[in-house]
Amino acid sequence: MIGSFTSTRRFNVAAPGPNTNILTTAITPRMDGVMRLTIVLATASVFNVTITNSGTTFTCGLNSSTSLNAGDLYFFSFGMNSANTYNFQVETNGIINILQVEECYVGVG
């Protein structure tokens, strides 16, 4: 059985600034699984995920740290660990047209 819990959805919101966490509260997964991310930016920018564990944060570029094209829809998935928290950043300030994050779990059912 595969379950999905939508963590967050944002639509047509201003980024909080370059290299600044987009979500006020980072996502803490309920259990290990896969995070699915759909993103559309109004301004071309590198899009990063920040991963924090025990006070140490890594900033990881998605799309090989190459700018996402403005107006294009991108989809990413990556493993998530319930010991970590996750947030997102843009390197160029602008509007975030769509940000949808889903936590996906595989269970026995």
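Guide: Let's start with strands: helices (H or I, at least four residues) and strands (E, at least two) are DSSP runs, numbered from the N terminus. T50, for instance, lies in strand β3. Before we go on, this is a predicted model, in which local features need pLDDT of at least 70 and side-chain atom pairs count only at pLDDT 80 or more, while totals for chains, interfaces and linings use all residues. Residues are numbered from 1 along each chain as its sequence is written, and side-chain values use heavy atoms, with hydrogens and water left out.

Visitor: How do I read strand pairing, and how many bridges join β3 to β6?

Guide: Two strands pair if DSSP finds at least two bridges between them. Here β3 (residues 47-53) and β6 run antiparallel, with six bridges joining them. Take T50 again: its bridge partner in β6 is N87.

Visitor: And is T50 buried or exposed?

Guide: The cut-offs go like this: buried means under 20% relative accessible area, exposed over 50%, and partly exposed in between, using a 1.4 Å probe and protein chains only. T50 counts as buried because its relative accessibility is 5%. Strand β6 (residues 85-90) is mostly covered too, with five of its six residues buried.

Visitor: What is T50 in contact with?

Guide: Contact means heavy atoms within 4.5 Å. Leaving aside neighbours within four places in sequence, T50 touches N21, T57, F58, T59, T85, Y86, N87, F88 and Q89.

Visitor: T57 is on that list. Where does T57 lie?

Guide: T57 lies in strand β4, and it counts as partly exposed because its relative accessibility is 44%. Beyond neighbours within four places in sequence, T57 is in contact with T50, I51 and T52. C-alpha to C-alpha, T57 and T85 are 9.1 Å apart, with their positions 28 residues apart in sequence.

Visitor: Which side chain makes a polar contact with T57?

Guide: A polar contact is a pair of N or O atoms within 3.5 Å; within protein, one must be able to donate a hydrogen and the other to accept it, and residues adjacent in sequence count only if both atoms are side-chain atoms. For T57 the partner is T52, at 2.7 Å between side chains.

Visitor: What about N48, and which side chain does it reach?

Guide: N48 also sits in strand β3, and it counts as buried because its relative accessibility is 3%. Its side chain makes a polar contact of 3.1 Å with that of E91. Contacts of N48 outside its four-place sequence neighbourhood include N19, T59 and C60.

Visitor: Which sign does phi have at N19?

Guide: Positive, at about 55°, although N19 is not a glycine. N19 is found in the loop between β1 (2-14) and β2 (33-41), and it is partly exposed because its relative accessible area is 46%. N63 also has a positive phi, about 60°, and is not a glycine either. Its loop is the one between β4 (56-61) and β5 (73-80).

Visitor: Last one: how many cavities of 30 Å³ or more are there?

Guide: A cavity is a set of points, on a 1 Å grid over the protein atoms alone, where a 1.4 Å probe fits but cannot get out, and lining residues have an atom within 4 Å of a point. Grid points are joined across faces, edges and corners, and a volume is the space filled by probe spheres set on the points. The whole structure has one of 30 Å³ or more. Residues lining the largest cavity include L41, S45, V90 and I96.

Definitions and conventions:
1 Å grid on protein atoms, 1.4 Å probe; cavity = no way out; pocket = protein on both sides within 12 Å on 5 of 7 lines; lining within 4 Å.
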